[in-house]
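Visitor: Could you take one part of this model and walk me through it slowly? I would like to learn how to read it, and then how to read a few other spots in the chain.

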Amino acid sequence: MLANVEYAMPAHKLNNPRHMKLDQAETMIQKLRSDSRQRLATAIHEAGHSLVAGQIGIPSWYDGSAIEHVMESDAWIVTFGRTQVPIKCYQRLTAEQMARLAVAGRVAETVLLGAEPIESSECDFESFLLSGKGRPSELIAIWKRAEEQLVKEFRADINLQRAIVHEAAIFESQIFPDCLDSVREPSKEPSHATVV
Ligand SMILES: [Zn+2]
């Protein structure tokens, strides 16, 4: 088992015979940890969430890497690191606030790293769609508006960008404390991922 990883699954999945998906999940986390650019992208993404949580006025904190087996769907979820907010605060948000919070990770990556995040925001989008704050078509429209608006705001405000970089450094020091920098080719691993 890897250090600094939360394993959320029944014990029999961890022990013999070891589940193949578990090995794959651990490999994904090790790959991210050895890749400074991926760690940076993850940190910038999570810093975006955290910054917008602060703007909306709700507390947030970071949780580290996790491997989770969802029994109902038999899905394996790999998280490299994530921003958490109290569920009660989250549920009180309007659909617009929720969209802003959820899209902020993606927007931070887009604006600060200049690269379009490919899969990193799928989980954010999916969980927003499942929020129950409206019909899917309404929520998709709200998401798109929130994204356009936030891109404009982040691009226009250098102090906001500085705050995200500062926050990303805090995330990295908390969540990847043992990582050594290494220079590798950037890859397109998402900051949240499902091992299918
Ligand atoms: Zn996210």
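Guide: Let's begin with a definition: an axis is a line fitted to C-alpha atoms, for helices over the stretch in contact, and the angle between two axes runs from 0 to 180 degrees between their N-to-C directions. Please keep in mind that this is a predicted model.

Now find helix α3, residues 36-56, and helix α8, residues 158-175. Their axes come within 8 Å and cross at roughly 115 degrees. The crossing of α3 past α8 is right-handed. On the α3 side, the contact is made by R39, A43, I44, E46, A47, G48, S50 and L51. On the α8 side, the partners are A163, I164, E167, A168, F171 and E172. Sorted by class, this contact has eight nonpolar residues, two polar ones and four charged ones.

Where does this pair sit in the whole? The protein chain has eight helices and six strands. Reading from the N terminus, the order of elements is β-α-α-α-β-β-β-β-α-α-α-α-α-β. Of the 196 residues in the protein chain, 36% are buried. Contacts also reach along the sequence: among those between residues at least 6 apart, 76% join residues at least 24 apart.

Next, follow the chain to helix α5, residues 95-113. At 1.5 Å a residue, its 19 residues should span 27 Å, and its end C-alpha atoms are 27 Å apart, so the two values agree. The helix also has a bend of about 45 degrees at A104. Of its 19 residues, 15 are buried, so α5 is largely enclosed by the rest of the structure. One residue to look at is G105, which also lies in helix α5. G105 has 29 other C-beta atoms within 10 Å, and a residue counts as buried at 20 or more, so G105 is buried. Its C-alpha atom is 9.1 Å from that of V52, although the two are 53 residues apart along the chain. Just after α5 comes G114, with a positive phi of about 70 degrees.

For a contrast in surroundings, turn to V70 in strand β3, residues 65-70. V70 has 12 other C-beta atoms within 10 Å, and 12 or fewer counts as exposed, so V70 is exposed. Leaving out residues up to four places away in sequence, V70 touches A75 and I77. The C-alpha atoms of V70 and A8 are separated by 8.7 Å, with their places 62 residues apart along the chain.

A backbone detail deserves a stop too. Most residues other than glycine have a negative phi. D74 is not a glycine, yet its phi is positive, about 55 degrees. You will find D74 in the loop between β3 and β4, the latter being residues 75-79. D74 is exposed, with 8 other C-beta atoms within 10 Å. N4 is not a glycine either, and its phi is positive at about 60 degrees. N4 lies in the segment before β1, which covers residues 5-8. With 14 other C-beta atoms within 10 Å, N4 is partly exposed.

Note on methods: Residues numbered from 1 in each chain as written. Predicted model: local features only at pLDDT ≥ 70, side-chain atom pairs only at ≥ 80, totals over all residues. Helix = DSSP H or I, 4+ residues; strand = E, 2+ residues; numbered from the N terminus. Left-handed = near helix turned anticlockwise from the far one by under 90°. Contact = placed C-beta atoms within 7 Å. Nonpolar A, V, L, I, M, F, W, Y, C, P; charged D, E, K, R; others polar. Expected span 1.5 Å × (residues − 1). Bend = angle between axes of the 7 residues up to and from the residue.
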